[in-house]
Amino acid sequence: MRTITDIKEMQNYSKEQKRNRKIIAFVPTMGNLHAGHISLVKTAKRKCDILVVSLFVNPTQFGAGEDFDSYPRIFKEDIIKLEREGVDIIFYPSEKEMYENSKTSVYVDEYSSILCGISRPSHFRGVTTVVAKLFNIVKPDIVLFGEKDAQQAFIIRKMVKDLNFDITIETREIIRESNGLAMSSRNSYLTDIQRKQASHIYKSLIGAKDLIRNGERDIENIKNYICKIIKDSGIEKIEYIEIVDDNNFNLIDSINGSVRILIAIYVGKTRLIDNIKVDV
Ligand code: AMP
């Protein structure tokens, strides 16, 4: 396994691999790796000749007052995990390498300002900009993202389509802790009591899925059901509970076809997101 920090070196490496007709798979991450990241890495490994994982805490996707400075950075532990999975290249650029003098951004209109984009207005611009840059640097054939960040995955697919990147995007299911809490680098901020509270997010999503499967079609009833379970757990701040058409991410007034329920809440000061797909 080799660590590359220089953009030109990464590009030259990938060009050479492509000349040799190697398939490059790529998993972008911000590090502090957990089983959710590793499941993407394992899937990617099966689909390629060369596997690249990036570790980059991207400053442009954090808003003012968010946790950019305190975001856990544990490079040494991360590379041990990646070596074990047979990763070929870790792309580990500095902020300066990625953004010195940069004036250009990529923005996917409409979808970047709904759901998480309401409270985090600059977040998805940061995400799509860094992901577009990483695509041009790593030159992957296939890229793996987690459904944990379902809105992000949708927006990236849209960017890839709109900007004609010749890249296949695949998503993988959410990996959860034994109590149902979706794994997240931010779970390390939670106390034991908060972890217990946070486990009710998934319980509410599973319950809502059952409600829909049993015939409930009223969006407000479903949202109220979720809201009650979350509030009863002691969680006070719900940012949003929304239901979208899973094919186009439009908010819906009635359920027919595949939908996705998405939630953002705060447990204490920690913002957590989760979602579930429901096929009817
Ligand atoms: P991050 O390091 O948070 O930027 O995440 C890197 C990738 O891992 C993204 O594609 C995430 O959607 C994915 N990911 C994060 N948490 C999970 C999880 N619990 N299960 C599956 N994928 C995840």
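Me: What makes the link between a backbone N or O atom of I175 and a nitrogen atom of the ligand a polar contact?

Reply: The two atoms lie 2.9 Å apart. A polar contact is a pair of N or O atoms within 3.5 Å (within protein, one must be able to donate a hydrogen and the other to accept it, and residues adjacent in sequence count only if both atoms are side-chain atoms), so this pair qualifies. By the way, this is a predicted model, where local features need pLDDT of at least 70 and side-chain atom pairs 80 or more, while totals for chains, interfaces and linings use all residues. Residues are numbered from 1 along each chain as its sequence is written, and side-chain values use heavy atoms, with hydrogens and water left out.

Me: Which atoms of M183 and H37 pair up with the ligand?

Reply: For M183, a backbone N or O atom sits 2.8 Å from a nitrogen atom of the ligand. With H37, a side-chain N or O atom is 2.9 Å from an oxygen atom of the ligand. The protein buries 92% of the 490 Å² that the ligand exposes when taken alone (Shrake-Rupley areas, 1.4 Å probe).

Me: Which element gives the most to the shell around the ligand?

Reply: That's α2, with 3 residues. The shell divides into 7 nonpolar, 5 polar and 3 charged residues. M30, G146, D149, I175 and M183 come nearest of the 15 (a residue is near if one of its heavy atoms lies within 4 Å).

Me: Why is Q61 called buried?

Reply: Its relative accessible area is 10%, and buried means under 20% (exposed is over 50%, partly exposed in between; 1.4 Å probe, protein chains only), so Q61 counts as buried. You'll find Q61 in the loop between β3 (50–55) and α3 (75–84). Its side chain also makes a polar contact with the side chain of N58, at 3.0 Å. Leaving out residues up to four places away in sequence, Q61 touches M30, E66, R120, H123, G126, V127 and V130 (contact means heavy atoms within 4.5 Å).

Me: How do you know that Q152 counts as buried?

Reply: Q152 has 17% relative accessibility, so the buried label fits here. Q152 lies in helix α7, residues 150–162. Beyond its neighbours within four places in sequence, Q152 is in contact with F124, V127 and F145.

Me: Where are the domains, and how many residues of each take part in the contact?

Reply: Domain 1 covers 2–172 and domain 2 covers 185–279 (bounds from an automatic or database assignment). Their centres, taken over C-alpha atoms, are 26 Å apart. The contact takes 21 residues from domain 1 and 18 residues from domain 2.

Note on methods: Helices (H or I, at least four residues) and strands (E, at least two) are DSSP runs, numbered from the N terminus. Ala, Val, Leu, Ile, Met, Phe, Trp, Tyr, Cys and Pro count as nonpolar, Asp, Glu, Lys and Arg as charged, and the others, Gly among them, as polar.
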